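Work through the following exercises with the sequence and the coordinates at hand. Try each task before reading the solution below it.

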Amino acid sequence: MRALDRLDEIAAIGQYRRGYSPEEDAAHALAAVWMREAGLETHVDSAGNLHGRRGNARVWSGSHLDSVPTAGRFDGVLGVISAIEAAERLPGAPLGVVAFRAEETGPLGSRRVDELPEAFVEVHIEQGPVLEGLGEPLGIVTGVAGQARGSVTFEGRADHAGTTPMDARADALVEAARFVLHVHQCARDAAVATVGAVEVEPNAVNVVPARVTVSVDARAPTADWLAALVAAIGFEPSSLVQPVGFSGAPLEALREMLPGAPELVSGAGHDAMVLASAGVPTAMLFVRSLNGGVSHHPDELSSEDDIARGIDALTSVLGRLALP
Ligand SMILES: [Zn+2]
């Protein structure tokens, strides 16, 4: 299958293709060749995003070719390759295929496009276990969860770990540990909350911890839900990204082409989120991730059958949107 060969060709450039690095440049150069073979005219915009166009392209599809240091083969790349395949199968359709720059370190490129389409559809691997759990190859993404980040500091008192009785301690790490469990219990259903980083002072085996700072990352599908989650956890976010709901013709077309497909909210940010935030009617199609949904890891996997279904569905949706 050509799409799988192309995934391998991009991966062979290097596992880590940081945004605006020579490795990302090489991936864009390869994709430009494939775009031209698919009958698209290529150009690069002022942010370095690669565009392949045919005719008056008001409908775009694509994703990103940069990657994280521990990346697998599918994240981002599948969306670009699927869009090229779909464009080739729709030779009469005015379409745009785009490879955005530096998604993993921003998104940077999709925030700086010179112009916006009238509709955007992104194919992406799920990067989670939901579709695998449901036994479903494809899922329709209805939006991207909002995200609040911050940190909480617990103050205690440094004391000798051998001579200070247990009832005479002010142990900041014990307080922080209770908070970690509290954060974990606050999130349920489609909301998630994580303490992923802990700083302990003085961080010595024989000293009662005096000061502990923990990170909080909380995400929820709606603004109200996110606000309630932040309040329940009890922290002051230092950064807040509001949820984005997808809507309009691309979402309607996906629902028509895939009746009964499960609908999901993405917990991760994507280029599609940026375009939707800019007012572009946008939708995303998730392809089932195998191996428990592992991502940003070499074990990242989607099957040939599922990828073929994803490309078929994308082709139908783009045809519906771009052809009169
Ligand atoms: Zn991605």
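**Exercise 1.** Determine which strands pair with β6 in this predicted model, and in what sense β13 runs beside β6.

*Solution.* Begin with strand β13 (residues 263–266), which pairs with β6 in the parallel sense over four bridges; within this pairing, Val-141 stands opposite Leu-264. Next, turn to strand β14 (residues 282–287), which is joined to β6 by four bridges and runs antiparallel to it, with Val-141 standing opposite Met-284. Val-141 thus has Leu-264 of β13 opposite it and also Met-284 of β14. Finally, consider strand β12 (residues 244–245), which is antiparallel to β6 and joined to it by two bridges; here Gly-143 stands opposite Gly-245.

**Exercise 2.** Decide whether strand β6 is largely enclosed or not, and explain why.

*Solution.* Take the strand as residues 138–144 and apply the cut-off for burial, which is under 20% relative accessible area. Six of the seven residues of β6 meet this criterion, and therefore the strand is largely enclosed by the rest of the structure.

**Exercise 3.** Identify the donors of the zinc ion and describe where the two histidines lie in the chain.

*Solution.* First, list the coordinating atoms: His-64 and His-124 each contribute NE2, while Asp-75 contributes OD, at 2.0 to 2.2 Å. Second, write the spacing of these donor residues in sequence, which is H-x10-D-x48-H. Third, assign the histidines to their elements: His-64 belongs to strand β3 (residues 59–64) and His-124 to strand β5 (residues 119–125), so that the pair, 60 residues apart, links distant parts of the chain. Both of these histidines, His-64 and His-124, are buried.

**Exercise 4.** Describe the surroundings of strand β3: which strands pair with it, and how many of its residues are buried?

*Solution.* Start with β5, which runs parallel to β3 and is joined to it by three bridges; in this pairing, Trp-60 has Phe-120 as its bridge partner. Continue with strand β4 (residues 95–100), which pairs with β3 in the parallel sense over five bridges, and in which Val-98 stands opposite Gly-62. As the last step, count the burial: six of the six residues of β3 are buried, so the strand is largely enclosed by the rest of the structure.

**Exercise 5.** Place His-28 in its element and establish whether this residue is buried or exposed.

*Solution.* His-28 is found in helix α2, which covers residues 22–37. The relative accessible area of His-28 is 5%, and because the limit for burial is under 20%, this residue counts as buried. To see what surrounds His-28, set aside its neighbours within four places in sequence; the remaining contacts are with Gly-48, Leu-50, Leu-65, Ala-99, Phe-100 and Arg-101.

**Exercise 6.** Summarise the protein as a whole in terms of its elements, its extent, its burial and its charged side chains.

*Solution.* Count the elements first: the protein has nine helices and 14 strands, and its C-alpha trace spans about 80 × 40 × 35 Å along the principal axes. Of the 324 residues, 51% are buried, and among contacts with a separation of 6 or more, 77% are between residues 24 or more positions apart. The exposed area is about 14000 Å², of which carbon and sulfur atoms supply 52%. Lastly, there are 24 positive and 43 negative side chains, with the centres of the two sets lying 2 Å apart.

Definitions and conventions: Residues are numbered from 1 along each chain as its sequence is written. This is a predicted model: local features need pLDDT of at least 70, side-chain atom pairs count only at pLDDT 80 or more; totals for chains, interfaces and linings use all residues. Side-chain values use heavy atoms; hydrogens and water are left out. Buried means under 20% relative accessible area, exposed over 50%, partly exposed in between (1.4 Å probe, protein chains only). Contact means heavy atoms within 4.5 Å. Accessible areas come from the Shrake-Rupley method with a 1.4 Å probe; for residues, only the protein chains shown count as cover. Lys and Arg count as positive and Asp and Glu as negative; His and the chain ends are not counted. The place of a charge is taken as NZ of Lys, CZ of Arg, CG of Asp or CD of Glu. Donors are N, O and S atoms within 2.8 Å of the metal (3.2 Å for Na, K and Ca); water is not among the atoms, so sites may look incomplete. Two strands pair if DSSP finds at least two bridges between them.
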